[in-house]
Amino acid sequence: MPNYTLESSTVETLDGVNLMTRIFKPKQVKDNMVIVLVHQYSIMGGCQALMKGMASGLAEKGYAAVTFDMRGVGQSTGKPSLTGFAEVADVVAVCNWVSQNLSPNKILLVGSSAGAPIAGSAVDQIEQIIGYVSLGYPFGMMASILFGRHHKAILQSPKPKLFVMGTEDGFTSVKQLDNKLKSAAGHNETRLIEGAGHFEMEGPAFDSEMLAGS
């Protein structure tokens, strides 16, 4: 029997897109913080179902967690964008909805793979967001063709940031991550998972690793 309840809702963005959203509510609340999880690249099959393992694990630990399908994914309306800039509005809308309906004292924003740059562009648009966690941020040269214009927003944010990455990530090397963070504002930490590749970290086998330290 899970130690949390699961609810569903529809969140509307400012441009009229309806986002299918799930709320994982712990039965015993540890902290009045809500963790919003942003899924991987929509065009390559990213969806909120891939974040369920982490969301349920967080709820089991006493933290409310929210997942959602970005525009054009699952039953969410609209169309996905190539660069993820339209999806920033999705993250902002969900965080605003969380602030208004769940009344947290703070929000932690977590982005996985392409969801990391998208979430990073939303961090400073919501006052209640107190921190950011990236799971496999695609900082590498090829990925930067699509997501490079997102880098500035998160690197210039004064809010605390944690970058989790596998040492065998095919999109970003450890050196590339280190070089990017040299210019980053605020407090920044990295956590390297030895031997893990980019897509391995997205699998259910690594959910416990992703939840470590929560």
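## Cysteines

By the distance criterion applied here (a disulfide is a pair of cysteine sulfur atoms within 2.5 Å), the structure contains 0 disulfides. Cys47 takes part in none, and the nearest cysteine sulfur, that of Cys95, is 19 Å away. Cys95 counts as buried because its relative accessibility is 0%, where buried means under 20% relative accessible area, exposed over 50% and partly exposed in between, with a 1.4 Å probe and protein chains only.

## Basis of the model

This is a predicted model, in which local features need pLDDT of at least 70 and side-chain atom pairs count only at pLDDT 80 or more, while totals for chains, interfaces and linings use all residues. Residues are numbered from 1 along each chain as its sequence is written, and side-chain values use heavy atoms, with hydrogens and water left out.

## Annotated domain

An unreviewed UniProt entry carries the annotation "domain: Xaa-Pro dipeptidyl-peptidase-like" for residues 15–116. Positions from UniProt are given in the numbering used here, feature names are shortened, and annotations may be inferred rather than shown by experiment. The span is 27% helix and 26% strand, and its end C-alpha atoms lie 22 Å apart. Helices (H or I, at least four residues) and strands (E, at least two) are DSSP runs, numbered from the N terminus.

## The E1–E2 hairpin

Strand E1 (residues 4–12) and strand E2 (residues 18–26) run antiparallel and are joined by 9 bridges; two strands pair if DSSP finds at least two bridges between them. The hairpin formed by E1 and E2 has 5 residues between the strands, and Gly16 in the turn has a positive phi of about 85 degrees. Glu12 stands opposite Asn18 in E2.

A salt bridge also links this pair of strands: Lys25 meets Glu7, with the closest N and O atoms 3.3 Å apart. Lys25 belongs to strand E2 and Glu7 to strand E1, 18 residues apart. Lys25 is partly exposed at 28% relative accessibility, and Glu7 is partly exposed at 35%.

## Salt bridges around Arg71

The structure holds 4 salt bridges, each defined as a side-chain nitrogen of Lys or Arg within 4 Å of a carboxyl oxygen of Asp or Glu. One of them joins Arg71 to Asp15, with the closest N and O atoms 2.8 Å apart. Arg71 lies in the loop between strand E4 (64–68) and H2, and Asp15 in the loop between E1 and E2, 56 residues apart.

Arg71 also forms a salt bridge with Asp90 (2.7 Å, N to O). Asp90 lies in helix H2, so this pair ties together parts that are 19 residues apart in sequence. Asp15, Arg71 and Asp90 are thus joined into one network by salt bridges that share partners. Within this network, Arg71 is buried at 6% relative accessibility, Asp90 is buried at 0%, and Asp15 is partly exposed at 49%.

## Loops with positive phi

Ser103, in the loop between helix H2 (85–101) and strand E5 (106–112), has a positive phi near 50 degrees. Ser103 is partly exposed, with a relative accessible area of 49%. Ser113, in the loop between E5 and helix H3 (115–120), has a positive phi near 55 degrees, but Ser113 is buried, with a relative accessible area of 9%.
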